[in-house]
Amino acid sequence: MSFTSSVERAADKAKVTVAVEAKKVDEAIKKEFRTVAKQFRFPGFRPGKAPRSVIEGQVGREYILAQALEAVVNETYPLAVDKEELRTVGKVDFADPADLVEGEDYSYMVEVVLRPELTLKSTDVSIDMTPKEATEAEIDAQIEGTLDRFATYPTGEDKAAKVGEDSFLTFSFESTIDGEEYDGSKVERHLYQLGQGMMPEDFDKGLMGAKAGDNLKIEFTVEDTGQNSEFAGKTMAFDLTVDELNEKVIPEVDDEFAKNTGFDTVEDMRSEIKSYIESQKAQSWDRERDNKLLEVLVVQLEGEPNQELVEARADDMVEEFSRMLEQSNMTLDGYLEQANIDPEQYQADMEEQAAISVSNDLALEALARLKDLIPSDETLDEEFEKAAKADKESKVNAKQMRESWVKRGMLTSLRDDLARGKAMQWLRDNAVINIDADAKPAGAAKADKADKA
């Protein structure tokens with residue numbers, strides 16, 4: 001190996017010192033001379049054939065040494081960090097490194113922030129999950145949604161009835177915005193239900209207590225909801241007649257209803273709905289279980305992720321999303337503007353998601369350490385053997401594959417990925433999973449706490 005390294009650790013930081021052999025320094029300088037000779041045109045010399053003295057005279061020795069230094073650091077730093085099994089956070093600042101000197105050893109020191117190694121108060125994890133099979137209640141809920149689509153709204157029998165909360169009524173109206181008519185300002189016999197958020201609260205309040213045949217005048221100022229900005233701040237006025245109050249009539253669930261929805265019998269309908277629900281659960285049940293397991297495990301963490309780690313993960317998430325948008329020929333700024341999303345709020349949302357993601361990883365890493373699930377070198381070799389056998393096209397053997405990971409300084413990262421995977425499997429195998437038809441989805445506990453707050 002052409003370098004040595006040492007580490008001084010202090011809490012969540014470390015000082016890494018890397019010493020590079022003179023031979024490696026000289027190789028980097030020579031390589032940079034060759035690169036510059038090919039990149040630049042030097043009068044009187046064919047590409048790549050200009051002598052060092054000519055290159056130094058036109059490009060400058062300082063430039064050559066600076067480029068060689070960058071190459072030395074870029075190659076040795078990730079290898080040193082990987083060799084020392086350091087888990088660094090964020091970008092590294094190589095502040096004012098000394099210049100390379102040809103024929104001499106070179107050393108540099110950099111201070112890095114480390115991923116915290118948190119501990120768990122307990123590994124006892126218990127969650128509630130809905131059964132994988134469709135429950136009768138879930139089937140009933142699907143049918144109720146269908147019933148709504150086939151509901152009818154006849155005139156109510158009580159002619160003296162008054163409009164109340166959640167009432168159904170039919171009305172006709174003429175309306176203006178700041179005294180001017182607009183497209184759709186006149187409507188005949190519109191069926192409407194109060195309390196659904198289709199109109200502002202002031203509109204619903206203006207209907208309260210009305211009876212069939214009443215003529216009403218309702219006015220309110222249009223608020224800016226992001227969808228009607230051109231009307232924001234203007235006065236909307238309605239001359240409205242209550243045609244009738246309506247009742248909602250739900251059809252009975254019988255074979256006739258089943259036929260109207262495309263089935264022969266109610267039994268056929270329930271069987272088809274059951275199959276649909278279970279096909280959906282087959283895709284989501286495992287993911288929901290894992291999310292819940294992680295939620296409970298994270299609660300057992302002692303300590304929190306450092307802010308540098310959260311910000312670095314958020315930056316990675318933003319970059320990944322930006323690359324995805326680029327495939328659709330869209331920029332992140334353009335997307336946020338089109339979706340009417342505040343950039344600061346978007347960044348805050350990303351950091352919130354990043355905090356959850358980072359906490360999940362730290363909890364799994366803590367569990368892996370506690371249960372001795374960190375993959376050994378022998379386990380890594382087995383993984384490379386599996387990967388080599390699976391990747392038949394590249395014809396790369398396990399040894400070559402491992403060497404590639406080592407050269408890129410990625411062995412520690414691979415070990416961590418495998419450790420988290422083993423920890424997640426340990427959770428699945430050892431947690432108590434209670435099957436409860438009324439179980440809440442993952443995230444519901446946090447939402448409940450937020451609502452109460």
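Two strands count as paired if DSSP finds at least two bridges between them. In this predicted model, strand 9 and strand 10 (residues 235–246) meet that definition, with seven bridges in the antiparallel sense. One of the matched positions is Lys217, whose bridge partner in strand 10 is Asp239.

Strand 9 (residues 215–221) also shows an alternating pattern of side chains. Leu216, Ile218 and Phe220 point to one face and are buried. Asn215, Lys217, Glu219 and Thr221 point to the other face and are not buried. Lys217 thus appears twice in this account: it pairs with Asp239, and its side chain belongs to the face that is not buried.

A further sheet was examined strand by strand. Strands of a sheet pair through backbone hydrogen bonds, either parallel or antiparallel. This open sheet has four strands in the order 1-2-4-3, and the pairing is antiparallel. Strand 1 (3–10) and strand 3 (88–89) stand at the edges. Each has a single partner strand, so one side of each is left without a neighbour in the sheet. Strand 2 (residues 13–20) and strand 4 (residues 106–114) run antiparallel and are joined by eight bridges. Within this pair, Ala19 stands opposite Ser107 of strand 4.

The backbone angles come next. Most residues other than glycine have a negative phi. Arg189 is not a glycine, yet its phi is positive, at about 45°. Arg189 lies in strand 8 (residues 186–193). Asn329 is not a glycine either, and its phi is positive at about 55°. Asn329 sits in the loop between helix 8 (307–326) and helix 9 (332–338). Exposed means over 50% relative accessible area. Asn329 has 76% relative accessibility, so it counts as exposed.

The whole chain gives the wider setting. The protein chain holds 14 helices and 12 strands. Its radius of gyration is 34 Å, well over the 22 Å that the globule rule gives for 453 residues, so the chain is more spread out than a compact globule. The C-alpha trace spans about 105 × 60 × 45 Å along its principal axes.

Buried residues make up 35% of the 453 residues. The accessible surface of the chain comes to about 28,200 Å², and 47% of it belongs to carbon and sulfur atoms. Among contacts between residues at least 6 apart in sequence, 73% join residues at least 24 apart. The chain carries 57 positive and 99 negative charges, and the mean positions of these two sets are 9 Å apart.

Conventions
Residues numbered from 1 in each chain as written. Predicted model: local features only at pLDDT ≥ 70, side-chain atom pairs only at ≥ 80, totals over all residues. Heavy atoms only, no water. Helix = DSSP H or I, 4+ residues; strand = E, 2+ residues; numbered from the N terminus. Rg over C-alpha atoms; globule rule 2.2 N^0.38 Å. Buried < 20%, exposed > 50% of the residue type's maximum accessible area, 1.4 Å probe, protein only. Contact = heavy atoms within 4.5 Å. Areas by Shrake-Rupley, 256 points an atom, 1.4 Å probe, with all protein chains shown as cover. Lys, Arg positive; Asp, Glu negative; His and termini not counted. Charge placed at Lys NZ, Arg CZ, Asp CG, Glu CD.
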